[in-house]
Amino acid sequence: MIDVDADGVVAFTQALVRIPSTNDPARGRAERPAAELVEAKMREWGWDPVVYEVEPGRPNVVAVVEGGGGDGPTLMFEGHTDVVTEGDLSTWTVDPFGGEIRDGKLWGRGSADMKSGLAATLYATRALQQAGPFPGRIKVCALADEEGLMIGAHHFVAEGLAADVDGAIVAEPEAGEICAVAKGALRLRVDLTGKMAHGAMPQHGRNPVPAAGALLAGLAALQDELQKRHPAHEHLGAVYVTPTVLRAGSEEQVNVIPAVASVFVDVRTIPGVDHQEIAGRVAALAGGDGITAEVAVLVDRPPVDVPVTDPVVAALAAAHRAVTGEEPVYGGVPGSTDGTVLTHWGGVPSVVYGPGGKWIAHQSDEYVEIAEIVRCTRVFAEAAHRFLNGTH
Ligand SMILES: [Zn+2]
């Protein structure tokens with residue numbers, strides 16, 4: 001087993017949690033200070049990280065650690081430096097940015113999602129490097145804006161940095177489950193345009209409000225049909241077509257038929273479901289009878305479906321078995337991660353695995369078990385060793 005610096009990885013996680021790198025650039029808070037700490041640690045170890053300014057104050061930090069042991073594949077370790085905001089402070093019983101260690105847990109915003117995972121990728125790579133030469137190389141990446149539009153991961157792919165990567169391990173909190181599948185997300189905005197009129201003379205207008213009602217009924221039927229055609233996935237569950245926002249008219253003008261009604265739809269998909277087809281179906285359901293419909297795609301993140309036989313997944317599963325003595329549990333990611341971007345747009349097989357509970361992310365009193373941070377660092381080091389040597 002590769003020897004990891006257990007105290008070091010915990011202390012580094014704590015230091016990261018103490019930096020409020022919330023994804024809140026409008027209020028002057030973003031990733032930079034956390035990214036600088038990552039960069040400094042990399043330099044301390046003699047690595048040569050490159051900092052990419054994705055947007056002002058929002059850098060990606062990427063270090064390539066050559067194994068010096070001859071030809072071999074390129075493994076990518078991925079973490080994000082942003083965290084969601086702390087929200088209502090009164091719902092916390094600890095300082096969200098205190099990094100307090102108590103009862104075997106490290107508490108604070110980002111402790112699970114995902115500063116512990118990010119720290120584990122760095123310390124695993126360092127451990128492997130200190131254990132001697134290895135084939136190939138590891139690309140250690142701390143990216144920006146996973147909690148937003150994932151501009152960091154998109155920038156990484158656009159810069160061509162994914163081109164030479166053979167497999168990526170994304171260190172999101174998944175409670176020790178190996179997640180090679182992730183749900184897709186498609187967010188649509190449907191604008192229904194009719195003609196404004198006085199409520200007393202509806203015959204002179206075209207009312208988009210009943211059209212919005214018809215669309216809602218159609219969306220429910222579409223969901224039924226999709227769920228029948230695509231049975232629930234064993235790790236991801238069902239396809240959902242959920243209207244989340246409905247906007248039309250004005251409370252101050254109850255006697256006015258509005259010109260426009262808007263419906264926003266949050267679609268969650270599983271492998272095999274075609275996003276373009278769904279957008280087309282929604283467009284076909286909307287409008288008609290003098291109402292024109294326009295469908296805008298706000299977010300389009302396809303589902304991820306990497307086979308468990310892929311070398312990066314197999315290496316991780318073998319490492320989990322070797323380090324923990326337990327059979328790996330396979331699961332799915334309920335939302336999207338930077339892995340979605342890496343796999344879909346970068347062509348890189350990705351798998352998500354990291355310390356921290358699946359449901360603790362984004363909540364008050366977020367925490368991660370200290371033992372889990374150390375265990376995951378060991379699994380990462382072992383997974384890298386196996387992936388790069390092709391011995392999974
Ligand atoms: Zn995350």
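These are my notebook entries on a zinc site, two helices and several backbone details of a predicted model.

**Entry 1: the zinc ion**

I first looked up which atoms hold the zinc ion. I found His 80 (NE2), Asp 113 (OD) and two OE donor entries from Glu 172, at 1.8 to 2.6 Å. Along the chain, I noted the donor spacing as H-x32-D-x58-E. His 80 belongs to strand β3 (residues 74–80) and Asp 113 to helix α3, so this pair ties together parts that are 33 residues apart in sequence. I then checked the angles: the four donor atoms subtend 54 to 146° at the zinc ion, and I therefore recorded the arrangement as irregular. For reference, the ideal angle for four tetrahedral donors is 109.5 degrees. I also looked up the accessibility of two ligands. His 80 is buried at 0% relative accessibility, and Asp 113 is buried at 6%.

**Entry 2: the peptide bond after Asp 113**

I next followed the backbone from Asp 113. Its peptide bond to Met 114 is cis, with omega near -10°. I located Met 114 in helix α3, which covers residues 111–130.

**Entry 3: helix α5**

I compared the span of α5 (residues 208–229) with expectation. Its 22 residues should span 32 Å at 1.5 Å a residue, and the end C-alpha atoms are 31 Å apart, which agrees. At the start of the helix, I found a side-chain oxygen of Asn 207 within 2.9 Å of the backbone nitrogen of Val 209.

Which residues of α5 are buried? I listed Pro 208, Ala 211, Ala 212, Leu 215, Gly 218, Leu 219, Leu 222, Gln 223 and Leu 226. Their arc around the axis is only 155°, so they lie on the same side of α5. Pro 210, Ala 217 and Lys 228 are exposed on the other side. For the packing partners of the buried residues, I recorded β9 (184–193), β11 (240–248), β12 (256–257), β13 (260–269) and α6 (275–285).

**Entry 4: helix α6**

I turned to α6 and found His 275, Ile 278, Ala 279 and Val 282 buried. They cover an arc of only 100° around the axis and therefore sit on the same side of α6. The face turned away from that buried side carries Gln 276 and Ala 284, both exposed. Among the elements covering the buried residues of α6, I noted β9, α5, β13 and β14.

I examined both ends of this helix. Asp 274 caps the N-terminal end, with a side-chain oxygen 3.0 Å from the backbone nitrogen of Gln 276. After α6 comes Gly 287, with a positive phi near 80°.

**Entry 5: positive phi outside glycine**

I looked for backbone exceptions, because most residues other than glycine have a negative phi. Asp 289 has a positive phi near 55°, and I placed this residue in the loop between α6 and β14 (292–301). Asp 289 is exposed, with a relative accessible area of 68%. His 362 also has a positive phi, of about 75°. I found His 362 in the loop between β17 (350–352) and β18 (367–369). With a relative accessible area of 43%, His 362 is partly exposed.

**Entry 6: Arg 137**

Finally, I looked up the surroundings of Arg 137, a residue of strand β6 (residues 137–143). Its side chain makes a polar contact of 2.9 Å with that of Thr 74. Leaving out residues up to four places away in sequence, I recorded contacts of Arg 137 that include Val 64, Val 65, Glu 66, Pro 73, Leu 75 and Leu 388.

Terms used: Residues numbered from 1 in each chain as written. Predicted model: local features only at pLDDT ≥ 70, side-chain atom pairs only at ≥ 80, totals over all residues. Heavy atoms only, no water. Helix = DSSP H or I, 4+ residues; strand = E, 2+ residues; numbered from the N terminus. Expected span 1.5 Å × (residues − 1). Buried < 20%, exposed > 50% of the residue type's maximum accessible area, 1.4 Å probe, protein only. Arc of directions from axis to C-beta. Contact = heavy atoms within 4.5 Å. Polar contact = N/O pair within 3.5 Å; in protein donor to acceptor, adjacent residues only side chain to side chain. Donors = N, O, S within 2.8 Å, 3.2 Å for Na, K, Ca; no water. Tetrahedral: all angles 85-135°; square planar, octahedral: opposite > 155°, others 65-115°.
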